[in-house]
Amino acid sequence: MKLSLLFKISGVILIVNGVSMLATPGMALEMYGMEQTADLVVVMGALGLSFLGTGILTFMLPSWIDDKLAAAGILMGLIQLSWVARVGYDLYAGSISGPPAIINVCVAAILAALFLIMSLRASAQRSSAD
């Protein structure tokens with residue numbers, strides 16, 4: 001798998017989550033075991049817009065910065081690790097629950113590992129080529 005493909009996969013996951021949060025914020029809240037309130041629906045819509053925008057940027061990044069993709073991949077890996085820490089803590093604290101939260105933390109962990117491993121490998125190959 002190429003690093004550019006990993007960016008596209010990550011972007012699509014973010015876009016799908018963002019559209020889901022924007023189109024059906026109540027369902028997104030229920031999937032995480034949270035009680036639907038008017039305030040949380042507004043927050044979920046804003047989070048969905050953030051996911052959508054970030055997903056589009058992530059999807060487009062490989063075509064914009066092909067020569068610096070390894071550095072961007074390391075940053076994406078660290079961002080995914082921060083999601084693992086945040087969602088993991090929320091699961092541990094009981095703030096969220098349910099299979100969607102567990103699946104999201106697992107997907108974020110896999111993406112973090114792939115981004116970091118593939119980016120470090122690409123960076124090392126580029127350094128040895130120079």
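Begin by selecting Phe51, which is buried, with a relative accessible area of 12%; here buried means under 20% relative accessible area, exposed means over 50%, and partly exposed is anything in between, with a 1.4 Å probe and protein chains only. This is a predicted model, in which local features need pLDDT of at least 70 and side-chain atom pairs count only at pLDDT 80 or more, while totals for chains, interfaces and linings use all residues. Residues are numbered from 1 along each chain as its sequence is written, and side-chain values use heavy atoms, with hydrogens and water left out.

**The whole chain**

Zoom out to the full C-alpha trace, which spans about 55 × 30 × 20 Å along its principal axes. The chain has five helices and zero strands, where helices (H or I, at least four residues) and strands (E, at least two) are DSSP runs numbered from the N terminus. Of the 130 residues of the chain, 30% count as buried.

**Two aromatic pairs**

Next, display the aromatic rings: there are two aromatic pairs, counted where ring centres of Phe, Tyr and Trp (its six-membered ring) lie within 6.5 Å, with planes under 30 degrees apart taken as stacked, over 60 as edge-to-face and the rest as tilted. Select Phe7 and Phe115, whose ring centres are 5.0 Å apart and whose planes stand at 80°, so that this pair is edge-to-face. Phe7 lies in helix H1 and Phe115 in helix H5 (residues 99-129), so the pair ties together parts that are 108 residues apart in sequence. Both Phe7 and Phe115 are buried.

Return now to Phe51 and add Trp83, with which Phe51 forms an edge-to-face pair at 5.5 Å centre to centre and 70° between the planes. This pair also links distant parts of the chain, since Phe51 is in helix H3 (residues 38-64) and Trp83 is in helix H4 (residues 69-93), 32 residues apart. Trp83, at 35% relative accessibility, counts as partly exposed.

**Along H4**

Keep H4 selected and follow its 25 residues, which reach 36 Å from the first C-alpha to the last, close to the 36 Å expected at 1.5 Å a residue; the expected span is 1.5 Å times one less than the number of residues. Among the buried residues of H4 are Leu69, Met76, Gln80 and Val87.

Then select Arg86 and Asp90, whose side chains meet in a salt bridge at 2.6 Å, N to O, the term standing for a side-chain nitrogen of Lys or Arg within 4 Å of a carboxyl oxygen of Asp or Glu. A search of the whole structure finds one salt bridge. Arg86 and Asp90 both lie in H4, four residues apart, about one turn of the helix. Arg86 counts as partly exposed at 47% relative accessibility, whereas Asp90 counts as buried at 14%. Just beyond, H4 is followed by Gly94, whose phi is positive, near 80°.

**Around H1**

Move to helix H1 (residues 3-23), where Leu5 is found. Leu5 is partly exposed, with a relative accessible area of 43%. Gly11 also lies in H1, but Gly11 is buried, with a relative accessible area of 0%. A distance label from Gly11 to Thr24, 13 residues apart along the chain, gives 20 Å between their C-alpha atoms.

Finally, select Lys8 and Phe59: the charged end of Lys8 sits over the ring of Phe59, 4.1 Å from its centre, a contact that requires NZ of Lys or CZ of Arg within 6 Å of the ring centre and within 35 degrees of the ring normal.
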